[in-house]
There are 10 protein chains.
Amino acid sequence: MPTHPTKELDSFPNPNPERDYTIEIVSPEFTCVCPMTGQPDFAEITLRYVPDQTCVELKSLKLYYWSYRDEGAFHEAVTNQILDDIVRATAPREAEVIGKFNVRGGLYTTVTATYRAPDRDGA
Amino acid sequence: MPTHPTKELDSFPNPNPERDYTIEIVSPEFTCVCPMTGQPDFAEITLRYVPDQTCVELKSLKLYYWSYRDEGAFHEAVTNQILDDIVRATAPREAEVIGKFNVRGGLYTTVTATYRAPDRDGA
Amino acid sequence: MPTHPTKELDSFPNPNPERDYTIEIVSPEFTCVCPMTGQPDFAEITLRYVPDQTCVELKSLKLYYWSYRDEGAFHEAVTNQILDDIVRATAPREAEVIGKFNVRGGLYTTVTATYRAPDRDGA
Amino acid sequence: MPTHPTKELDSFPNPNPERDYTIEIVSPEFTCVCPMTGQPDFAEITLRYVPDQTCVELKSLKLYYWSYRDEGAFHEAVTNQILDDIVRATAPREAEVIGKFNVRGGLYTTVTATYRAPDRDGA
Amino acid sequence: MPTHPTKELDSFPNPNPERDYTIEIVSPEFTCVCPMTGQPDFAEITLRYVPDQTCVELKSLKLYYWSYRDEGAFHEAVTNQILDDIVRATAPREAEVIGKFNVRGGLYTTVTATYRAPDRDGA
Amino acid sequence: MPTHPTKELDSFPNPNPERDYTIEIVSPEFTCVCPMTGQPDFAEITLRYVPDQTCVELKSLKLYYWSYRDEGAFHEAVTNQILDDIVRATAPREAEVIGKFNVRGGLYTTVTATYRAPDRDGA
Amino acid sequence: MPTHPTKELDSFPNPNPERDYTIEIVSPEFTCVCPMTGQPDFAEITLRYVPDQTCVELKSLKLYYWSYRDEGAFHEAVTNQILDDIVRATAPREAEVIGKFNVRGGLYTTVTATYRAPDRDGA
Amino acid sequence: MPTHPTKELDSFPNPNPERDYTIEIVSPEFTCVCPMTGQPDFAEITLRYVPDQTCVELKSLKLYYWSYRDEGAFHEAVTNQILDDIVRATAPREAEVIGKFNVRGGLYTTVTATYRAPDRDGA
Amino acid sequence: MPTHPTKELDSFPNPNPERDYTIEIVSPEFTCVCPMTGQPDFAEITLRYVPDQTCVELKSLKLYYWSYRDEGAFHEAVTNQILDDIVRATAPREAEVIGKFNVRGGLYTTVTATYRAPDRDGA
Amino acid sequence: MPTHPTKELDSFPNPNPERDYTIEIVSPEFTCVCPMTGQPDFAEITLRYVPDQTCVELKSLKLYYWSYRDEGAFHEAVTNQILDDIVRATAPREAEVIGKFNVRGGLYTTVTATYRAPDRDGA
């Protein structure tokens, strides 16, 4: 059952769009490449969102994270990029992505980016 | 003393309806079947609610969770379904159901659904 | 130095009534009897309150908890009962009782009841 | 389904007497009475044994522990007493009882008693 | 990709039979049925073994554990049964199975069974 | 370098009075005497404050806590007393003292007292 | 690849200035010198900020922390100094520095300083 | 019920001298005075012993530890002293004292002293 | 400073060959590819060894682990392979490699392989 | 009270040379310089020893650790060097030094060196 990394994020219809509720998906197995040194970087990515009409399909999310394996990616940019891609693919009511990167040079970096749909109060 | 799984949720009169208070019941032993692969899924279900005129009877809640053992259930749908059934059976002032599902494909999923009675402020 | 369980809750004058402050007392040694099966139940009881003119005397609180040892008590009712008795005995500005009951039938139940004096804002 | 505390320890035939193996049963809900002060004492009792021809029946063990609820018992004596009763009731190849008593006077006491059948090497 | 529970345990050739080494596989998702009450039981099963000519195939181990889902099984018997089946299927040099069962009636039970091949010293 | 316990609390000029910021000092080594029994009591004292023109000097704070070693002190009174002394000595914008006392009679007591300068909003 | 400590803090353009998001960098390897005794002090420094047009460059931040290695520094002053330097170098929308200093004389000190740009609401 | 510190260690007859078993008593509330600086020192003292004809009486052990409150005591000497006093008072088959002292000058010191009666094998 | 993955393991002369001592190096950032599915696998690799004439050079060990990033590798084989490569490169007196692989299909696998030089007693 | 780093290790007479006992001293505040890059390294050093005629004086041990602050030191060499210096200064019956170095390049290194006096059995 070989599958391939992909930037495509699949979705399925939200079974309960009449209600605001939260889905959190934690992936401790994110790896990409440092654009400066070409060496591997590792992170735990947390996605937390309130779906509107569609939910993120889990298997495609896994393949999407996999697609970063050979790409160069800065901590700040990649966390925001994931959030942008989730928003584009599923148009959630709210979404948050937290990239908790492994220690480098004695420093532990965590980037947190948040989105609220334009019609949500507080946006 | 054999008993049987059931979708029926029993209740008993709230002994203190004059006061808002919270009941939390955590069940680490929830299991159902993945509708895609037919394989078992496992979760910890947390129910937290403010009772109005009735409280959920514990033994029936256990049998209710048991009733999912052989059913196919998606993470998002089953968490919302449990909340709907609790609301229908006991008409609480507020209720929340958290389904914390075991890791699948390296991803840890938690679904949180919340209900507030129409006459509660903030609803 | 044998002493006896009692429903009497003693108090002493609040040494600092001019200030709102919080006293929290955690008792991991609460036990009563299940009214359904007659078998022992165990819980950790947390009392948290803002005293007004009097404070709960610790030794009498211990004897008060002891008084439940041979009594039948439902989770929801006993937590509210303790709160009521504290309020009656010491007339606090605010009080909260949390009953964290030991697992029964694979379910972990926690009941939280809160009181605010009628003249407190937010009450 | 009311049941009653009892000093009787039931057993059932060991399903695998051809092999040495270990059964550990932890009970965090042991309570007795301090013979000096008459006040309740609490402990976590761990039983660990290698069965010979019979195993301890779980429900009877629970009722057996319950039987101490109203008895006076010193830490050292009660731990040894439980070990003696287990040995008498099931004649295990090896057995160990650990009584981890709740703090009293700022002191945390743990008593550990061990038994080996006379024909075991090392006994 | 639906698959089915099975009692068949597949194996593959040990890639390093020239050396004693240890493989540990922990499964927190074991469930069976209590033969007394017909109600679900839950456990974490740890398998630890030194392979000889063959290793346990992971996917078949998962399906094997799944096969207990609808079977009645006592704690002591099922832990020994798993060990026997592993020994029969892969003839390891050493093997250990630890069944850590969820709390029932306030009691936490863990069963540990160990096997050494007849020609191992210490056996 | 022998030093002596003292009720005197020294201070030094706040190096950054232009900004609200928080200083937290945790002392796990507080001991006094129970006024009822004459026996030693132990606590962990947490001081958290927003300095105005002066900060608490650390060494004098240590000697101040030491000064309670031979004094009788009730849990509620001593926590409020420490807060009063800090306020008098350094006139902070906000301050909080948390006394977390060691278990006595199976009860764990924590007292939390808070101060806000009269000209702070919320005071 | 020898490098040198420096007070210079480099920055790079914020890749996502259109959105408020948070960057947290924890350094458990901060050391300076106590100005009173000349002895080494150790701390964990947490920087948390919302970037505006520029982000702090990680390597320069490491060299910046290194620059304190031989400098005398009081707990309160150095935490505020780091915040001031971050604000000057990168003009963030919000920033917070937490200095968690190792125990000295039995006391654990944590200093937390916060900045909000003048045009942020809440500032 | 005021009591007084004392160097006297009381004992009571071992209820089970026919068996080797272990009694462990942990006291997190030991304090003495540093002989160099006169300042308070704090430690957690663990006593673990196999009684012969007598057991240490708990209340007298508490008063014994209390007796160090105003005494100067070096880490190494006091741990050995406690062991000597236990041996003298109760003539145990084996005994161990562990003094885990609070951090001083950034150093965490633990002293462990062990005794075996002359007629024990291994002594 | 781009570098490249390599199978070459560098070493440097053991500074203290006159003494047996242990070096442990934990790498939580090992990733390879599952030979069955082509999907990424993740593991934490622990290397523990007693050096003889040479020690493993840290940077080359990092590049060596990196070299598995695009290779197919079974859990059992890769753990033994790393041990073999370490032994070939540095001829240690003793060595152990522990591969703790991330959960797959609900199963947590850990492989432990050990080496002792032929002239070591116990080998 | 300024003091200075020094390679001198002071000792004092062992108060209980008639008995084997263990002294453990943990220092989480060790820092030196990487000889390759000139950058700071950090470690937690644990010293555990059985004294013979003398014990290590704590304050001098602190100053001794301090003496490495500006020195270049490889992980393996410095751990062995500390052990050698302790042995030379105090001639213990047994000694062990554990250097647990902070993560570098994603690798966590721990070095453990042990000494036994020539006349100890097992040496």
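Q: How many residue pairs are in polar contact between chain G and chain A?
A: In this predicted model, five residue pairs are in polar contact between chain G and chain A, counting pairs with both residues at pLDDT 80 or more.

Q: Which elements of chain G give two or more residues to the side that touches chain A?
A: Strand S2 (21–33) and helix H1 (58–66) of chain G do. The largest share of that side comes from S2(G), with nine residues.

Q: How do the residues on that side of chain G divide into nonpolar, polar and charged?
A: Eleven are nonpolar, three are polar and four are charged.

Q: How many residues does each chain bring to the contact?
A: Chain G brings 18 residues and chain A brings 16 residues.

Q: What area is buried between chain G and chain A?
A: About 1,500 Å² is buried between the two chains, and carbon and sulfur atoms give 54% of this area.

Q: How do I read a salt bridge here, and which side chains meet in one?
A: Look for a side-chain nitrogen of Lys or Arg within 4 Å of a carboxyl oxygen of Asp or Glu. Here the side chains of Arg19(G) and Asp84(A) meet in this way, at 2.6 Å from N to O. The count between chain G and chain A is one salt bridge.

Q: Which strand of chain A is joined to S2(G) by bridges?
A: Strand S6 (residues 108–116) of chain A is joined to S2(G) by six bridges, and the two strands run antiparallel.

Q: Which residue in S2(G) is the bridge partner of Val111(A)?
A: The partner is Ile23(G).

Conventions
Residues numbered from 1 in each chain as written. Chains lettered and ligands numbered in written order. Predicted model: local features only at pLDDT ≥ 70, side-chain atom pairs only at ≥ 80, totals over all residues. Heavy atoms only, no water. Contact = heavy atoms within 4.5 Å. Buried area = accessible area lost by both parts, 1.4 Å probe. Polar contact = N/O pair within 3.5 Å; in protein donor to acceptor, adjacent residues only side chain to side chain. Helix = DSSP H or I, 4+ residues; strand = E, 2+ residues; numbered from the N terminus. Nonpolar A, V, L, I, M, F, W, Y, C, P; charged D, E, K, R; others polar. Pairing = 2+ DSSP bridges.
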